[in-house]
Amino acid sequence: MASEDTPTGRGASSEGAELGRFLRARRTQTRPEQVGLTVGTGLRRTPGLRREELATLAGISIDYYVRLERGKETRPSPSVLDALARALHLGDQEHQHLRELAARAARYVPEPPPAPSRTVRPHLKLLLEAMRPNPAYVISRSMDMLAWNPGGLALYAGLEDWPVKQRNLARYLFLHPAARTLFHDWDRQITNCVARLRATAGTAPDAPDLTNLVGELLLKSPDFAGLWERYEVTGRKPAQKTFHHPHVGTITLTSQSMHVEGTPGQRIGVYTAEPGTADHDALLLLDMTAPQPNPRSVAPDPGTSQAQP
């Protein structure tokens, strides 16, 4: 039998359970003093807010909130969602994620939608080649590398050593030994990576391409498991990243991610540097020394993320 704090049980859909998981994660990570509550001197068994405290702050009944958290209530009104977001001090992206989870729970159907296509259209491969020397690649929603130009693969030092089916940026960050030294802010990189995966998986909880990857990383990486439990969600924003690359030295690049029109779930990632700078010179060197493209420089289709042996 599921415990009271577990958002599963009889009558709970997977989407309803996902909504409950998100609410519970945010509740247990919100300290009473953050929302203006005075904490007594007695022992608190609950990390963060108690359910009755959150229900009171949101102006809903405790029973109704418990049903939400256990995945048995799947049709909260917009006003209830907004009240919970205010009570938990959710940011804009978290608030939007809460709405998306509730919308999926309300229209739940047993059959999950098909996984997005992994086929990379020919003109996108030409686009990647035209972006040289800027490292660029096409990535799936589960962060599989689907296609790349020479620098796009070589930038992630050691990734080329893995079979094509294993080339996944989340897997690389958590399981490849080179990742910790490649990024000077590895802790921040993995936190952002898990938050993006959480946001994606939250609205497609039964999708095999996501569940396979998440299941593998939960088993193999304690760091991933700890971050996954926190259920933080963020969107991807343009940002500078610094790489301590074994072949071209330290290089700081600006990253940009763009959705691929007409192919849901695919994104193009590209890194740039100002021409004439040392960082741009390093990009030129990376592009020249990287293995050059060949007909097999595209991940196979169809397929999903596979566990690395």
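Here is a short chat about the enclosed spaces in this predicted model.

Reader: How many cavities of 30 Å³ or more does the structure hold?
Author: Let's take them by volume. The largest cavity has about 110 Å³ of space, and the second largest has about 40 Å³. With the cut-off at 30 Å³ or more, the count is two.

Reader: Which residues are closest to the centre of the largest cavity?
Author: That cavity holds about 110 Å³ of space, and 14 residues line it. Closest to the centre are Met 143, Tyr 156, Leu 169, Arg 196 and Lys 241.

Reader: Which element gives the largest share of the lining of the largest cavity?
Author: Four elements each give two or more residues there: β1 (136-139), α8 (169-175), α10 (186-202) and β5 (267-272). The largest share is three residues, and it comes from α8.

Reader: How many charged residues are in the lining of the largest cavity?
Author: Sort the lining by class and you get nine nonpolar residues and one polar. Arg 196 and Lys 241 are among the residues closest to the centre, and both types count as charged. For the whole lining, the charged count is four.

Reader: And the second largest cavity: which element gives the most to its lining?
Author: The residues to look at are Thr 191, Val 194, Ala 195, Arg 198, Leu 227, Tyr 231 and Glu 232. One helix runs over 186-202, and it supplies four residues of this lining, the most of any element. That helix is α10.

Reader: How many nonpolar residues does that second lining have?
Author: Here the lining includes Arg 198 and Glu 232, and the charged count is two. One more residue is polar. The nonpolar count is four.

Note on methods:
Residues are numbered from 1 along each chain as its sequence is written. This is a predicted model: local features need pLDDT of at least 70, side-chain atom pairs count only at pLDDT 80 or more; totals for chains, interfaces and linings use all residues. Side-chain values use heavy atoms; hydrogens and water are left out. On a 1 Å grid over the protein atoms alone, a cavity is a set of points where a 1.4 Å probe fits but cannot get out, and a pocket is an open set with protein on both sides within 12 Å along at least five of seven lines; lining residues have an atom within 4 Å of a point. Grid points are joined across faces, edges and corners, and a volume is the space filled by probe spheres set on the points.
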